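Trainee: Could you take me through this model and show me how each label is earned?
Mentor: Happily; let's have it in front of us.

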Amino acid sequence: MKTAGVVGAGIGGIAAAIRLAVKGYRVEVFEGNSYPGGKLSSFEINGYRFDAGPSLFTMPQLVDDLFRLAGKNPTDYFQYQKLPETCRYFYEDGTRFTADAEPALLAKTIEKYLGEPAEQVLAHLRDSAVKYEVTEKLFLHRSLHKVGTYFNRDALKGYLNLGKLDAFRSMNQANSSRFTDPRAVQLFNRYATYNGSDPYQTPATMNIIPHLEYNIGAFFPKGGMVAITNSLVKLAEDLGVTFHYTSPVEKLLIDGKRISGVQVKGEALSYDIVISNMDVVNTFRKLLPDARQPERILRQPKSSSALIFYWGVKKQFPELGLHNIFFSKDYATEFHHIFQQKTIHHDPTVYINITAKYEPNDAPAGGENWFVMVNAPANDGQDWGTLIAETRQNILTKISRQLGENIETLIEAEDVLDPRLIESRTSSSQGALYGNSSNNRFAAFLRHANFSRQFNNLYFVGGSVHPGGGVPLCLLSAKIATEMVK
Ligand code: FAD
């Protein structure tokens, strides 16, 4: 039986382990933490349960695919529901509305509250769908680093439609030319943050993202986001995969043009193939310091990170939903602070996720579990202590004003996650949420491939490599990498 060693039990590593087990490999996964999931994990304080990282679930079929691939019925392991609304929006001028998940209703709502013709919104979503169609087969399901990707019918179709990707202007330029109301521009510019980009720099190609949320849909897993991790770990174990927790891999062992295995707790363990789910920068810097370092790729600027306050709030707010956004007044200045000044603006856009809206047991009776996040720069050694204290106060002032309630007095449990902690807990370079930034039109080509050119049995999965960060793309990275394994 062939053997595989997987470094890291993030969602990419778990998905790769499942796919290899289905191929007949004996798979062992080594995880530095005492729990699986990396960013996609969960914790509890004083009766309040929190998903630690991701909160928006799109493309659930990619999770289902893994159960089906293994010959199992997905709903025996994992259940989810489609959300009837995507987000509740709050603007500084007092405008507030709920974005319906149904495109036609969303368009009507935007027309009613922002004065933007419904047809413009629908045209935007149609364009988003076209962009997705052009990129899906070419970029998302295949390696960009194999010649075969560029010579097939899908690729040819893609080339003929490359103009539709709108790669030569920024997302903000495209959205400002489509919409007249700055609040509508802000709403659609926000999708750049779904892969940690700056809407004022990232190409308009990223207008592909609303397609996922509106045309395909946003979902909520029963049991919260961590149910994705837990159900896939269960599937992997049912397939015979072994997970070793609190077992950081210290080194990848080089044997000429092969990786002969991994070193864990000083012990050398041999495998036929090795898959790294550790951030690719740290895989090279820490596990392969003697190998040639692909500097151009490793030195690319990083995506944004995040500052998160987990608040157990002893009151319920019917005006809030599962996903809520309190926009900043000046989006351009906010992003200038994150990407140029590498700090957090005093008026940040605040995202609040409350899973207790769907899972009442996630909070004690009468309370709500608030996951309160602002976009933050990747860790460059900023004075985080000061930034966290100032931002906490700014958030409290902003949302207390908007909700007409002194929020600070309602917080009875609290924890904080900052870019340094994201870095130390998941080994993500600079605590970036999505690996390299996608702020230029060549970004897709400057992510590391899902295989190694130096070592013929080493593969890479997860948010720092092709096709990118976010749960769906990490799942696709596992598909691409393991399909290359002979
Ligand atoms: P990671 O989660 O990065 O985990 C890597 C794992 O490898 C970790 O468990 C780590 O301990 C382990 N590891 C690293 N090095 C070693 C080693 N040497 N030995 C052993 N183990 C090692 N995505 C969405 O789709 N929707 C969202 O709403 C969303 N919001 C987010 C919000 C936040 C705050 C964060 C942090 C992320 C968010 N993301 C979101 C992004 C998403 O969480 C990630 O893209 C995805 O979970 C990354 O998975 P990964 O496979 O790269 O592994």
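Mentor: Let's start with pairing: two strands pair if DSSP finds at least two bridges between them. Keep in mind that this is a predicted model.

Trainee: What makes β17 and β18 a pair?
Mentor: Three bridges join β17 (residues 350–353) to β18 (residues 368–376). The cut-off is at least two bridges, so β17 and β18 count as paired, and they run antiparallel. As one example from β18, Met373 is the bridge partner of Tyr351.

Trainee: Why are β8 and β19 called edge strands?
Mentor: The open sheet has seven strands in the order β8-β7-β16-β17-β18-β15-β19, with mixed pairing. β8 (96–100) and β19 (411–417) each have a single partner strand, so one side of each lacks a neighbour in the sheet. From one strand to the next, the twist averages 20 degrees.

Trainee: Now the ligand: how do you know that Gly463 makes a polar contact with an oxygen atom of the ligand?
Mentor: A backbone N or O atom of Gly463 lies 2.8 Å from that oxygen. The limit for a pair of N or O atoms is 3.5 Å, so this pair qualifies. Backbone N or O atoms of two other residues pass as well: Gly32 at 3.0 Å from a ligand nitrogen, and Ser55 at 3.1 Å from a ligand oxygen. Taken alone the ligand exposes 1000 Å², and the protein buries 93% of that.

Trainee: What makes up the shell around the ligand?
Mentor: By class, there are 14 nonpolar, 17 polar and three charged residues. Among helices, α16 (471–484) is one of those supplying at least two shell residues; α16 gives the most, with three.

How values were computed. Residues numbered from 1 in each chain as written. Predicted model: local features only at pLDDT ≥ 70, side-chain atom pairs only at ≥ 80, totals over all residues. Heavy atoms only, no water. Polar contact = N/O pair within 3.5 Å; in protein donor to acceptor, adjacent residues only side chain to side chain. Areas by Shrake-Rupley, 256 points an atom, 1.4 Å probe, with all protein chains shown as cover. Helix = DSSP H or I, 4+ residues; strand = E, 2+ residues; numbered from the N terminus. Nonpolar A, V, L, I, M, F, W, Y, C, P; charged D, E, K, R; others polar. Axes fitted to C-alpha atoms, helices over the stretch in contact; angles between N-to-C directions.
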